[in-house]
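Here are my notes on this one, as promised. Have the viewer open while you read.

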Amino acid sequence: MSAPGPAEPVVPQGDPGSPAKPDLLRITPGGVGQRMPLVDGIEKVTGRARYTADLPFGPVLVGRILRSPVAHGRIRGIDLAPARALPGVRAVITGEDFAAPYGVIPIAQNEWPLARDKLRYKGEPVAAVAAVDEATAEAALRAIVLDIEPLPDYFSADAARAEGAVRLHEKKAGNIERQVEQEFGDVEAGFAAADLVLERSTSYAEIAHGQIELNAAVASYEPERERLCIHSVTQVPYYLHLTLAQVLGMDASRIRVVKPFVGGGFGHRVEPLNFEMVTAALARAAGGTVRMQLTREEGFLTHRGRPATEIRLKIGLARSGEITAVDAEVVQRGGAYGGYGLVTILYAGALIHALYRVGAVRYRGWRVYTNLPPCGAMRGHGAVDVRHAFESLLDEMAQRLGLDPFAVRRANLIGTPYRTLNDLQVNSYGLPACLDWVEQASGWKQRRGRLPRGHGLGLACSHYVSGSAKPVHWSGEPHAVVNLKLDFDGGITVLTGAADIGQGSSTLLTQVVAEVLTLAPARIRVIATDSALTPKDNGSYSSRVSFMVGNAALRAAEEMKRVLVAAAARRLEAEPADVEWEGEHCRIAGTDRGLDFAAVVEAALAESGTLTVKGSWSTPPETQGGTFRGAAVGSSAGFSYAAQVVEVSVDEETGEVRVEQVWVAHDCGRAINPLAVEGQVQGAVWMGMGQALSEETQYHDGLPLRPNFVDYRIPTVANAPPIAVHLVESLDPLGPFGAKEASEGALHGFPPALANAVCDAVGIRMNELPITPDRLLEAVTQRRREERLQARRAAAAQEAP
């Protein structure tokens with residue numbers, strides 16, 4: 001095959017060979033709890049890391065995609081002959097060149113890599129070419145002639161749901177992808193028992209992921225062997241593998257998927273994307289290697305971000321602060337195709353639970369098809385907007401009842417183990433300690449209500465899953481598998497399908513194995529995400545890797561240790577139970593007889609040669625949710641918890657909000673690498689800040705208005721507040737060494753904490769995100785108008801006889 005080997009192949013931490021002296025192998029400590037730099041950090045900061053677009057394949061064909069000029073239309077014809085006639089064009093394909101549609105959820109597969117029959121959003125791929133250079137590829141795109149019958153287009157959920165609206169998908173009446181109705185407990189009785197019931201409606205803009213690396217794929221096809229190899233930016237190599245086999249009509253054994261270094265994902269790449277399949281189909285049609293690199297604008301058209309959402313939320317609160325009932329309605333504008341949509345709308349309701357005790361919950365959700373780029377999963381999938389609505393309303397109600405925001409949260413804390421109303425299992429719960437720390441660190445009791453006008457403090461809590469307890473593709477296989485290999489050189493090779501996309505999963509696996517075997521990380525290397533070499537893994541999404549793959553690595557390391565201890569016992573003519581294992585050395589208890597690691601390796605290899613052991617892990621049945629429809633979504637083997645206080649200053653003359661300081665405490669179960677965990681928590685806060693203050697994907701006539709990083713306002717270093725992170729270790733009984741999720745939970749808490757701080761600063765509660773200067777200034781101006789009107793009325797009343 002013409003493709004090179006693994007592109008993010010080996011991440012060695014020094015020379016793993018057995019001839020190295022033990023003292024050299026102990027230079028860098030790296031077991032559980034150590035602040036260890038990421039194992040691939042040197043490659044990234046020196047520029048040696050090769051991302052998909054950097055891979056040296058030699059001469060390759062250039063792939064390009066022709067995109068729909070209309071938001072909704074019927075394809076009457078596509079004339080490819082002029083494009084195929086151009087010199088240098090090697091392949092031209094359409095939707096007819098694919099065997100099946102696709103979609104990450106098996107029951108919601110309604111998207112073709114290239115559109116067939118209908119076009120459902122501007123920018124949807126409709127044809128593709130492979131040519132000898134960029135100029136020829138672009139000329140070929142211009143030569144393709146489309147014949148399209150326009151259809152009515154719908155850019156809002158209300159318009160798509162309106163009576164008489166044309167169906168985007170024939171089987172989806174009312175353009176509803178998924179409708180959810182759930183009720184747990186007696187909601188009406190809960191409201192009747194409340195001392196205060198409030199209802200509010202809030203609106204949320206659509207958000208893009210903002211990953212730095214452009215989308216890219218390189219596919220090589222060998223016609224003689226009918227084999228395909230693809231390198232891509234994916235977060236889910238296994239799901240991509242399955243999808244390629246499906247849409248190309250190929251046997252999966254003839255496909256190889258490799259994930260090189262990835263420059264961020266945040267959910268954009270947690271489902272197979274159309275350009276990956278198009279690149280593979282072009283390679284097959286051309287009988288060679290095709291490189292596809294999308295522009296930034298094309299990334300915004302591929303999208304899969306957080307959907308624009310409307311929420312109506314009603315909460316009942318007792319005078320003690322206890323939550324007696326919740327009633328929520330959520331409408332998500334999902335875009336043109338299914339993707340993760342049905343999961344997203346279910347998460348929005350499922351994660352109302354498991355943060356606090358709630359007396360009763362009613363949830364209704366609608367995921368709506370519209371003629372816009374498809375939305376999907378984004379960091380904090382499904383629950384960020386609802387958490388903002390919930391925490392903001394809770395804060396308003398606390399004020400009405402004269403309760404401190406901390407007191408209201410503490411009135412609803414849960415004990416463990418705990419089973420929620422919707423059958424989620426909570427085994428560890430560090431939220432009380434999180435609240436204690438941010439309250440003290442922020443000086444809440446001393447400072448809140450005493451800051452100058454325009455300055456305020458806000459509190460919010462949040463939580464998230466440590467991976468879904470049931471995978472997207474339920475096959476009965478383990479949730480995670482890790483292989484460890486030991487050979488003559490004395491190095492331990494970790495073979496994993498888990499995708500390190502910058503979150504540090506390869507480092508975590510290194511530390512888990514180092515801890516169990518009591519070895520320095522210098523002896524350990526990681527080879528990840530090459531389907532020809534590594535065991536299958538479901539991918540990097542829903543914060544599953546630390547919990548699930550970490551557990552698999554722990555079990556594999558325990559098995560390797562068992563084998564090594566047994567070999568040492570044989571060589572020393574003792575029982576394994578008598579061997580004291582110290583990593584680089586072992587000895588028989590109570591004696592001076594022992595072996596160094598090299599001798600143990602020699603003894604272990606003597607009988608069978610190279611050692612390969614396996615560790616696997618699956619979620620226990622009791623963590624997999626209930627039996628009602630949709631119960632699997634939200635179920636998890638472990639939940640993280642977080643509390644944060646945000647301090648802001650607000651300029652009432654401009655509407656500008658400045659974040660002055662953030663204090664965040666995150667219950668990660670156990671910090672396997674505190675340095676990496678702190679970075680992940682800070683990153684989560686940062687993304688929450690973008691959604692809260694500036695990020696917004698707006699459209700004009702179906703096209704994104706700001707599909708670039710100049711105009712799409714991601715916070716920069718100029719906006720950077722100090723972020724104080726405190727890690728709470730609740731030691732989850734199921735997590736590896738007690739560890740659980742660390743990179744998403746804190747995101748949920750920032751937008752409501754900021755909104756609550758703005759209200760504390762200027763007395764205005766915003767009902768729309770992001771809180772941009774123009775929106776806040778309009779609210780300030782409207783309040784001033786109302787104040788002037790009230791003053792005039794009061795003056796007139798005093799003057800009246």
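The points below go through a sheet, some helices and a covered strand.

1. Ground rules. This is a predicted model, where local features need pLDDT of at least 70, side-chain atom pairs count only at pLDDT 80 or more, and totals for chains, interfaces and linings use all residues. Residues are numbered from 1 along each chain as its sequence is written, and side-chain values use heavy atoms, with hydrogens and water left out.

2. The four-stranded sheet. Helices (H or I, at least four residues) and strands (E, at least two) are DSSP runs, numbered from the N terminus. Four strands form an open sheet in the order 18-26-27-30, with mixed pairing; two strands pair if DSSP finds at least two bridges between them. Strand 18 (455-465) and strand 30 (723-728) are at the edges with a single partner strand each, so one side of each has no neighbour in the sheet. On average, neighbouring strands of this sheet are turned by 20° against each other, direction ignored.

3. Strands 27 and 30. Six bridges link strand 27 (residues 656-667) to strand 30 in the parallel sense. His666 has Leu727 in strand 30 as its bridge partner.

4. Helices on that sheet. Helix 17 (residues 674-693) packs on it, touching strand 26 (639-651), strand 27 and strand 30; contact means heavy atoms within 4.5 Å. The direction of helix 17 makes about 130° with that of strand 30. Axes are lines fitted to C-alpha atoms, for helices over the stretch in contact, and angles run from 0 to 180 degrees between N-to-C directions. Helix 18 (residues 745-762) lies across strand 18, strand 26 and strand 27, at about 160° to strand 18.

5. A helix pair. Helix 15 (residues 545-572) packs against helix 16 (residues 597-608) at about 90°, with the axes 8 Å apart. The two are therefore roughly perpendicular, a label that covers 65 to 115 degrees. Among the residues that meet are Leu564 and Arg571 in helix 15, and Phe597 and Glu607 in helix 16.

6. Helix 10. Its 18 residues (384-401) should span 26 Å at 1.5 Å a residue, and the end C-alpha atoms are indeed 26 Å apart; the expected span is 1.5 Å times one less than the number of residues. In helix 10, 16 of the 18 residues are buried (under 20% relative accessible area, 1.4 Å probe, protein chains only). Gly402, just after helix 10, takes a positive phi of about 70°.

7. Strand 21. Both faces of strand 21 are covered, with Ile524, Val526 and Ala528 buried on one side and Arg525 and Ile527 buried on the other. Strand 20 (residues 492-496) pairs with strand 21 in the parallel sense over five bridges, and Thr496 has Ala528 as its bridge partner.

Note on methods
Buried means under 20% relative accessible area, exposed over 50%, partly exposed in between (1.4 Å probe, protein chains only). Angles under 35 degrees count as roughly parallel, over 145 as roughly antiparallel, 65 to 115 as roughly perpendicular and the rest as oblique.
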